[in-house]
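The exercises below are meant to be worked through with the sequence and the coordinates open side by side. Please attempt each task before reading the solution that follows.

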Amino acid sequence: MRFSFGKALLPIYTVLALIFLLIPIGYTFAFSFNASDKSNIVWRGFTFNNWTTVCQAQGVCDSFVNSIFIGVVATALATAIGTAMAIALVRYRFRFRGPVSLLLFLPMATPEVVMGAGLASQFLTAGVEKGMTTIIIAHTLFCLSFVVVTVKARVASLDPALEEAGRDLYGSPAQVFWRITFPLLLPGILAAAMLSFALSFDDFIITYFNSGSIYTFPKFVYISAARGIPAQANVIASAVFILALTIVIVSQVFASRKAKKLAAPIS
Amino acid sequence: MAFAAFANTAQAVDAAPRKSSKIALVLLAPGLAYLALFFLTPLVALILTSLQAPALYGDMGEYVYAFRWENYVAVVNEYGETFLRSFGYALIATMAALLISYPIAYFIGVRARKWPAIQAIALILVIAPFFISFLLRTLAWKQIFSDDSWTMETLKALSILGPDAHFTGTPFAVIFGLTYNFIPFMTLPIYTTLERLDTRYLEASGDLYARPSTTFFKVTLPLSMPGIVSGTLLTFIPASGDYINASGDFLGGPSTQMVGNAIQSNFLVILQYPAAAALSIMLMAVILVIVAIYVKRSGTEDLI
Amino acid sequence: MATGTFAESGADLELVGITKRFPGFTAIENLDLFIPAGSFFALLGPSGCGKTTTLRLVAGLEEPTEGKILIGGKDVTNMKSYQRPVNTVFQSYALFPHMTVLENVAFGLHRRGIKDAVAKAHEALILVELDHVANRKPQQLSGGQQQRVALARAVVNRPALLLLDEPLGALDLKLRRQMQLELKAIQTEVGLTFLHVTHDQEEAMTMADTVAVMNKGRIEQMGAPQELYELPRTAFVASFLGQSNLFTGQVVASTSDTISLDIAGNHIVVPKARAARHTGLVTVGVRPEKLTLHTETQTHDAGQNVLTGGVVKDVSFSGVSTQYIVSFPDVGDIVVFAQNMVFGPVVHEGAIVSVSWNIERGFGIEDHPEQAGKFVPDDNTASIAVAQRKALSAELEGA
Ligand SMILES: Nc1ncnc2c1ncn2[C@@H]1O[C@H](COP(=O)(O)OP(=O)(O)O)[C@@H](O)[C@H]1O
Ligand SMILES: [Mg+2]
């Protein structure tokens, strides 16, 4: 085909834009190898020390473990509650569908500061002490709507005739759910859980309002920002980045393999 | 054949579910209870707090229930400018993110269809920033463009910037940070609609004498509207309430404070809960009005 | 094309040496085609033979690998689709989902700056009897209605050349007949050139002035419908356009105007003027409705070909006529259509019969019998499954 500058423009632009998106990631990764002492701002030479002494910097590992714990619990709660709501919204007829949908949309339209301040006011009024529990409550709240939206899309794309066929073939409602509906929804539920975990793990604003003396990893970064962040924080962030990227790439490869296998003729 | 075709449209018009409502109630109950307890009640708590008055002879941070609507007048007087600045920054950042993201989404979703591998890689690179703490990413920009960084020195040496130009602490830096942070949120929903765009519509448009630019504005753009609407909302709402980018420890300075910073400092630093609550309620109200108008005008009411 | 005006009349279309290759697949092979202005031209062929690809090349939606395309004598090969005086009724309709039916129909008129676009769009909708749904969205219409909107959207532009890709496929029989008549009326009235693609041989033959039968990316035969039917030149045409009984045998005698074949001991005579090849191994054929069925033994008549000693294997009644399958030893199965002149079939399964036909009705085809083999019409599921399996295993080996 003939080369045309007009046609090459878009790919070139996309490559440049993607590089732009990745600059801060490269920077964070590079500075995880900085032989810094207190603050990790100026480049002082290359070292692996930060990676081997990752937990020796005060607060880095503790806050990281807290973030993982909170992420797992909030994800489990939000996914369970949200999946049930998604199924109800798509599959059942009931009154007040409009208000329920609105109630689910509102948290997504609420800025995090407002949600954070609201919960904090309530905890203050009720005299609840802020800590791990309040963080988990907050995270479950903002993950919930995203779970519903993600799973809902999957339920809507599911042919109701499949469930009807299940019932037609003598399946009890419970059997139809666990043997037909659930396996077919699983990819959507997993996607929602991954999204939840990512949202929870990276959340700072709502956490900051409701965390009391507990540190999550983003809160640790925020508090340290004023006086200099230890290079070990970059190590944690880079390691999480590499791990997440690997998971995504592996699952992508598996998904496309599986798609190919399904498309292949049975011989 | 005609029957099958008719069945298709019938499905599209009436996809209403037909089962009873008892199971629905059971499925919905936990979620509704959760939202009532931890979303609606806090909003009420926020409204009540916003009307509180300082306790007589009380300590700092002690308030009693009252109906002090003057709190609102006070915050409007004190933070009116901050409010406008917040929405201004958020609006500019949203427009910038849209202009930057649309071509990316178009390339990945339409032009790269023939090469699934390129599509997958580009998509992973777009979401890659999600996997690294956004606070660290924002700090990275701060350090890349700090006053004595080699980036700034180079730009100054090349006379692209004046000798005493700053990046951090300027409105430009805050808008830059907001734009950068929300590009993936803008790109993904637009990509999702463009990826499903049937190119046969584009062919039909060309067949009906529309030149490529007309086809873009009359067919491609309207058909990707749902993605644009979700993308702009996913950007505008969090951007207008953000306080990381505008914070002095990150890209902002004293003159770039946004309403998020005001809420945060009132609530967590100087413990003026009523002021913080009043600001929150106003922020939420303005956003809801904007969202309602926007969703109505763009005709995509089934966002959820 | 000139803006603001309609085409005065149809333009002729010429394809010169067109080849289209997709990666690893040649869809069109060295195609030459001339369609005179104002004609109704039908391109007929089985699914996957390259009909849609041909239309897309003409419309400018696909670039030819080789060759030239001329519309009204003007080379448009390098013209973009929006610059060509051509409109398409897409096989998938491609109605814009975000516009109403009316907006869809007026779209092309607006692009060309034609006055009274909305009024003209309404007229076109009245023509396809859909003006009452003008303000609906395409998704709210049935498949047949969508197809008529697609038709209106293209016809309203009065293009010099209208391309129709199986435009009546989703309609039920009655509506299809009605639309066929209307299409034909529009075409004659305006004098536009229609290039109509279909896999329905009856539709092609009733509507078109000229029919081209396409197979595997080439045109097998082209001509007036009657000519194609009465004198097919290849086994493919003989069997795709209606049904044929084909026999292969050695030419054993020839006169100045006939050849005579030996088919398992029977002599079959075909006029030379109706046979493509006159010596060696030759395949000849005859249409099933040209055959007459006899229960008494038939004496050899000079003007007739006769086969005797057949056993009736199958009788199927289809209203107007009855189809008999008669098995002759060493010759094979022969299909006979007989008008239902009396109540019920005249013979039953197992009866011993003979068949005869006027030698003037036979035809001889071009194909070399060794190469052509006997054509299996792919209209039964077994043969489709076989073809599918072959294609798949070929693909697997390629991968
Ligand atoms: N874009 C393409 N890439 C590869 N093969 C194609 C493409 N478009 C069509 N083909 C192949 O070309 C052949 C002809 O297709 P088409 O013209 O659509 O047939 P039909 O006669 O049914 O309209 C088919 O075998 C089809 O698989
Ligand atoms: Mg086709």
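**Exercise 1: the surroundings of ligand 1**

A backbone N or O atom of C:Cys49 lies 3.3 Å from an oxygen atom of ligand 1, a pair that falls under the definition of a polar contact (N or O atoms within 3.5 Å; within protein, one must be able to donate a hydrogen and the other to accept it, and residues adjacent in sequence count only if both atoms are side-chain atoms). The model is predicted, so local features need pLDDT of at least 70 and side-chain atom pairs count only at pLDDT 80 or more, whereas totals for chains, interfaces and linings use all residues. Residues are numbered from 1 along each chain as its sequence is written, chains are lettered from A and ligands numbered from 1 in the order in which they are written, and side-chain values use heavy atoms, with hydrogens and water left out.

Task: describe the polar contacts of ligand 1, and which elements give two or more residues to the shell around it.

Solution. Begin with the contacts: besides C:Cys49, a polar backbone atom of C:Gly50 is 3.1 Å from an oxygen atom of the ligand, and a polar side-chain atom of C:Thr53 lies 2.6 Å from an oxygen atom of ligand 1. Next, consider the area: ligand 1 taken alone exposes 560 Å², of which the protein buries 60% (Shrake-Rupley method, 1.4 Å probe). Then assign the shell to elements, where helices (H or I, at least four residues) and strands (E, at least two) are DSSP runs numbered from the N terminus: strand E2 (25-35) and helix H1 (51-59) of chain C each give two or more residues, and H1(C) has the largest share, with three. The residues around the ligand include C:Phe22, C:Phe25, C:Pro46 and C:Lys51.

**Exercise 2: the magnesium ion**

Task: which protein atoms are the donors of the magnesium ion (ligand 2), and where in chain C do their residues lie?

Solution. The donors, counted as N, O and S atoms within 2.8 Å of the metal (3.2 Å for Na, K and Ca), are C:Thr52 (OG1) and C:Gln91 (OE1), at 2.0 to 2.6 Å. The pair links distant parts of the chain, with C:Thr52 in helix H1 and C:Gln91, 39 residues apart from it, in the loop between strand E6 (86-89) and helix H2 (101-111). Water is not among the atoms, so the site may look incomplete. As for exposure, C:Thr52 is partly exposed at a relative accessible area of 29%, and C:Gln91 is likewise partly exposed, at 39% (buried is under 20%, exposed over 50%, partly exposed in between; 1.4 Å probe, protein chains only).

**Exercise 3: annotated spans and a helix start**

Task: set the UniProt annotations of chains A and C beside the computed geometry, and then examine helix H7 of chain A.

Solution. For chain A, the unreviewed UniProt entry gives "domain: ABC transmembrane type-1" for residues 64-254, an annotation that may be inferred rather than shown by experiment; this span is 83% helix and 0% strand, with end C-alpha atoms 29 Å apart. For chain C, the unreviewed entry places "domain: ABC transporter" at residues 13-241, where the chain is 35% helix and 27% strand and the end C-alpha atoms lie 25 Å apart. Among the transmembrane regions that UniProt lists for chain A is 102-124, which is 91% helix and 0% strand, with its end C-alpha atoms 27 Å apart. Finally, at the start of helix H7 (residues 160-168) of chain A, a side-chain oxygen of A:Asp159 reaches to within 2.9 Å of the backbone nitrogen of A:Ala161, and just after H7(A), A:Tyr170 takes a positive phi of about 70°.

Terms used:
A residue is near a molecule or strand if one of its heavy atoms lies within 4 Å of it.
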